[in-house]
Amino acid sequence: FMAIDILSGINDGSIQVSAEPLLTINTVENIFDGNPYTEAGVQDDSSAAVTLQFSAEVSFSKCKLFFWNAGQWTLEAAQSMTELDNKTGSYQIIVDNRDNPFFQWDSLEFSQVSAQVIRITEKNPAGPGVHFGEIELVSQMTFTALTILPNPVRLIPNSSFRLKVELMAENGRSYPYTLDNVVRWSSSDLAVAEVGEMGDVMAKSIGTAIITADIPGLSGSATL
């Protein structure tokens, strides 16, 4: 499972986000910054909705939320804003008024959903006041390989550089390495290059070497 990086999508424009009513406490980015203790919300209303519109279809099978108030949350999805608003066509309600605790995580797994527009609504029966701490949408992914960056690696003798490893998924996209497994690094020619346990590669002499990163079941390589 891997959380969709919503904040990066907001920052690069691939995800459009809106709130209804408009937030009066902080900004919507606080809801997706990975920190449940940075809130955003409304002070004078008992209900608030956050809508995410993705530039391409996304799939997810879990929603994880943290609210600063007890209440009920609803999760809806569709392929277009029109279908979401009118509850027609591809519209589906995935979670309907599920109770959430005060200042604790709540999460729910469900059958995989694919959509381009997603709306999370929170109601506070003891309101007014709705306080979002964090929202995560989690995808179930199959990873097929490790990717080493940069590739190829170009260094002059006696210089060094720390390589980066990412996860390649079956959809062809790379994702940050977030697994617990320790990455093992190796060089095919120690006379040309050595590589440390953190991916620090040291060029020893002119030549070519294959740098490999691997964990159980996955591996990747880059040419130096």
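Contact, as the word is used in these legends, means heavy atoms within 4.5 Å. The structure shown is a predicted model.

**Figure 1. Close-up of Met2 and the residues that surround it in strand E1.** Met2, which has its place in strand E1, counts as buried, because its relative accessibility is 8% and buried means under 20%. When residues up to four places away in sequence are not counted, Met2 touches Leu137, Val138, Ser139, Met141, Phe143, Leu167, Tyr175, Pro176 and Thr178. One of these partners, Leu137, is 135 residues apart from Met2 in sequence, although the C-alpha atoms of Met2 and Leu137 are 8.4 Å apart in space.

**Figure 2. Close-up of the largest pocket and its lining.** The largest pocket holds about 860 Å³ of space, and of the 33 residues that line this pocket, Ile4, Asp5, Met141, Arg173 and Tyr175 are the closest to its centre. At least two lining residues are supplied by each of strand E1 (2-3), helix H1 (6-12), strand E4 (47-67), strand E8 (130-139) and strand E12 (174-176). Among the contributors, E4 gives the largest share of the lining, with 8 residues.

**Figure 3. Close-up of Asp33 in the loop between strands E2 and E3.** Asp33 has its place in the loop that runs between strand E2 (15-20) and strand E3 (40-42), and with a relative accessibility of 32% Asp33 counts as partly exposed. The side chains of Asp33 and Thr38 are joined by a polar contact of 2.6 Å. Apart from residues up to four places away in sequence, which are not counted, Asp33 touches Leu7, Thr38 and Glu134. Computed along the sequence, Asp33 and Asp5 are 28 residues apart, while from C-alpha to C-alpha the two are 9.2 Å apart in space.

**Figure 4. Close-up of Glu122, a buried residue that has no salt bridge.** Glu122 is found in strand E7, which covers residues 105-123. Glu122 is buried yet has no salt bridge, and Lys123, the nearest side chain of opposite charge, is 9.7 Å away. Since a salt bridge is defined by a nitrogen of Lys or Arg within 4 Å of a carboxyl oxygen of Asp or Glu, both on side chains, that cut-off is the one to keep in mind here. Polar contacts are nevertheless present in this view: one of 2.9 Å joins the side chains of Glu122 and Asn69, and another, of 3.4 Å, joins the side chains of Glu122 and Asn100. With residues up to four places away in sequence left out, Glu122 touches Ser46, Ser47, Ala48, Phe67, Asn69, Ala70, Gly71, Gln72, Trp73, Asn100, Val130 and Phe132.

**Figure 5. Close-up of Asp106, a residue of strand E7.** Asp106 lies in strand E7 and is buried, because its relative accessible area is 10%. A polar contact of 2.8 Å joins the side chain of Asp106 to the side chain of Trp73. Leaving aside neighbours within four places in sequence, Asp106 is in contact with Cys63, Lys64, Leu65, Trp73, Arg98, Asp99, Asn100 and Pro101.

**Figure 6. Close-up of the salt bridge between Glu76 and Lys87.** Side chains of opposite charge can pair when their charged atoms come close. The structure holds 6 salt bridges, and in the one shown here the closest N and O atoms of Glu76 and Lys87 are 3.8 Å apart. The pair links distant parts of the chain, with Glu76 in strand E5 (residues 71-78) and Lys87 in the loop between helix H2 (81-86) and strand E6 (92-100), 11 residues apart. Glu76 is buried, with a relative accessible area of 8%, whereas Lys87 counts as exposed, at 52% relative accessibility.

**Figure 7. Close-up of the salt bridge between Glu166 and Lys164.** The closest N and O atoms of Glu166 and Lys164 are 3.4 Å apart in this salt bridge. Glu166 is buried, with a relative accessible area of 13%, while Lys164 is partly exposed, with a relative accessible area of 47%.

**Figure 8. Close-up of the salt bridge between Arg184 and Asp214.** In the salt bridge that Arg184 forms with Asp214, the closest N and O atoms are 2.6 Å apart. This pair links distant parts of the chain, since Arg184 is in strand E13 (residues 184-187) and Asp214 in strand E16 (residues 210-215), 30 residues apart. At 18% relative accessibility, Asp214 counts as buried.

Notes. Residues are numbered from 1 along each chain as its sequence is written. This is a predicted model: local features need pLDDT of at least 70, side-chain atom pairs count only at pLDDT 80 or more; totals for chains, interfaces and linings use all residues. Side-chain values use heavy atoms; hydrogens and water are left out. Helices (H or I, at least four residues) and strands (E, at least two) are DSSP runs, numbered from the N terminus. Buried means under 20% relative accessible area, exposed over 50%, partly exposed in between (1.4 Å probe, protein chains only). Lys and Arg count as positive and Asp and Glu as negative; His and the chain ends are not counted. A polar contact is a pair of N or O atoms within 3.5 Å; within protein, one must be able to donate a hydrogen and the other to accept it, and residues adjacent in sequence count only if both atoms are side-chain atoms. On a 1 Å grid over the protein atoms alone, a cavity is a set of points where a 1.4 Å probe fits but cannot get out, and a pocket is an open set with protein on both sides within 12 Å along at least five of seven lines; lining residues have an atom within 4 Å of a point. Grid points are joined across faces, edges and corners, and a volume is the space filled by probe spheres set on the points.
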